[in-house]
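Biologist: Could you take me on a close look at the ligand site, please, and then follow the chain outward from there? I would enjoy one connected account.

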Amino acid sequence: MTARLLDGRALAARIEQDVRAEVDTFAAMCGRAPRLVVVLVGDLAASGSYVKSKAAAAARVGIDSEVLRVPETCQTPDLVALVAAIARDEHGPADGILVQLPLPAHIDQVAVLDAVPPDRDVDGFHPQNAGLLSQGRPRFIPCTAAGVQRMLIDAGIPTAGRHAVVVGRSDIVGKPLALLLSARPPSGATADAAGCDATVTICHSRSADLAAITRQADILVAAVGRAGLITEEMVKPGAAVIDVGINRVQGRLVGDVAFAEVSRVAGWISPVPGGVGPLTVAMLLSNTLLAAELRLGRP
Ligand code: NDP
């Protein structure tokens with residue numbers, strides 16, 4: 001068997017088209033485009049390149065964006081004060097506010113992320129948004145988790161009653177994804193069309209016999225950050241394998257899944273690059289539009 005490729009770039013381009021149309025409607029109504037303000041601390045090359053691709057995607061769909069650069073030597077109170085100033089629109093209208101992670105080790109990341117007002121929190125990291133998601137009434141869903149769910153829905157991969165194994169339990173990816181996939185469908189939607197009603201197992205670095213668990217997965221998501229962690233023997237034949245990991249190996253970007261060998265056994269597989277990454281950016285655009293609409297009083 002050769003797995004079908006889950007093309008994140010093509011799906012992201014379709015999502016961008018939809019967002020673009022709604023952005024145009026918003027701009028016609030409000031006389032200005034939705035606007036995203038990004039805080040970038042320090043000069044980590046990877047963070048700089050992620051921010052660049054977010055700004056480029058925003059421009060493609062007509063969302064204004066601004067990147068505020070802060071030196072690595074800044075302190076937690078400076079960053080909290082900056083986020084508060086952005087929230088008061090002192091740097092122009094800020095419908096969406098995003099603090100690019102990771103922050104330097106000396107910064108209290110929780111304090112900075114908590115300073116982002118929950119109704120502008122387009123990354124979906126604020127405890128209020130995490131709480132809403134856990135109660136099954138999401139507002140801003142963390143972009144990568146939303147992107148993975150969208151990828152499954154778009155490919156017609158059934159989730160209802162299926163066993164999804166999520167490897168990784170971070171607040172950013174693993175945990176929100178597990179909540180999304182195990183949620184009840186919204187009223188009026190079928191579970192498969194909404195990408196939910198799955199039975200979910202979350203694995204992490206202390207899980208015993210990881211392979212025995214992953215082999216049970218109809219849907220296997222790797223969100224770890226270890227190149228080649230998921231090998232052929234760890235995958236059930238025909239499973240959908242979604243690779244969230246981003247690792248740099250000898251200058252090349254690779255995921256957590258040993259792509260060539262797992263492609264022989266999986267039913268579907270997402271590549272790195274060109275899989276979940278572009279969807280993360282597309283969902284950020286969608287969240288920024290939602291933030292702008294919420295400010296307008298969208299119910
Ligand atoms: P974290 O480091 O926060 O979490 C990694 C998780 O993997 C932890 O729960 C950890 O367990 C678990 N883990 C580590 N080693 C193992 C192991 N050997 N077996 C099983 N589980 C293990 O990372 P993130 O969630 O932020 O990111 C995960 C990956 O996804 C990274 O490569 C990151 O770059 C990538 N990423 C990609 C995005 C995209 O758009 N494509 C967006 C965001 C992230 P424990 O909790 O016990 O430590």
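Modeller: Happy to: here is the ligand site, followed by the parts of the chain around it and beyond.

A word on the ground rules before we look. This is a predicted model, in which local features need pLDDT of at least 70 and side-chain atom pairs count only at pLDDT 80 or more, while totals for chains, interfaces and linings use all residues. Residues are numbered from 1 along each chain as its sequence is written, and side-chain values use heavy atoms, with hydrogens and water left out.

Let us begin at the ligand. The shell around the ligand holds 20 residues, and R169, S170, S205, I246 and T280 come nearest (a residue is near a molecule if one of its heavy atoms lies within 4 Å of it). By type, the shell divides into nine nonpolar, nine polar and two charged residues; here Ala, Val, Leu, Ile, Met, Phe, Trp, Tyr, Cys and Pro count as nonpolar, Asp, Glu, Lys and Arg as charged, and the others, Gly among them, as polar.

Now to individual atoms. In the side chain of R169, a polar atom sits 2.7 Å from an oxygen atom of the ligand. R226 has a side-chain N or O atom 3.3 Å from a nitrogen atom of the ligand. I246 takes part through its backbone, with an N or O atom 3.0 Å from a ligand oxygen. Taken on its own, the ligand has 930 Å² of accessible area, and the protein covers 71% of it (areas come from the Shrake-Rupley method with a 1.4 Å probe; for residues, only the protein chains shown count as cover).

Which helix gives the largest share of the shell around the ligand? That is helix 11 (residues 276-295), with three residues; helices (H or I, at least four residues) and strands (E, at least two) are DSSP runs, numbered from the N terminus. Helix 11 has 20 residues and spans 29 Å from its first C-alpha to its last, close to the 28 Å expected at 1.5 Å a residue; the expected span is 1.5 Å times one less than the number of residues. Because 15 of its 20 residues are buried, helix 11 is largely enclosed by the rest of the structure. For that word and its relatives, buried means under 20% relative accessible area, exposed over 50%, and partly exposed in between (1.4 Å probe, protein chains only).

Both ends of helix 11 have something to show. P273 lies in the loop between strand 11 (268-269) and helix 11, and the peptide bond leading to P273 from V272 is cis, with omega near 0°. Just after helix 11, G297 adopts a positive phi of about 95°.

There is another cis bond to visit, joining L101 and P102 with omega about 0°. P102 belongs to the loop between strand 4 and helix 4. Q100 is found in that loop too, between strand 4 (96-99) and helix 4 (109-114). Is Q100 buried or exposed? With 6% relative accessibility, Q100 counts as buried, and its side chain makes a polar contact of 2.8 Å with the side chain of K54. A polar contact is a pair of N or O atoms within 3.5 Å; within protein, one must be able to donate a hydrogen and the other to accept it, and residues adjacent in sequence count only if both atoms are side-chain atoms.

K54 takes us to helix 2, where the buried residues are S47, V51, K54, A57, A58 and V61. These residues cover an arc of only 125° around the axis, which puts them on the same side of helix 2; the arc is that of the directions from the helix axis to the C-beta atoms. On the other side, A45, K52 and A59 are exposed.

Back among the loops, D171 is placed between strand 5 (163-167) and helix 7 (174-182). D171 counts as exposed at 54% relative accessibility, and a 2.6 Å polar contact joins its side chain to that of K175.

Finally, two residues have a positive phi although neither is a glycine: D197 at about 65° and Q250 at about 45°. D197 sits in the loop between helix 8 (191-194) and strand 6 (199-203), and is partly exposed at 33%. Q250 lies in the loop between strand 9 (247-249) and strand 10 (252-254), and is exposed, with a relative accessible area of 82%.
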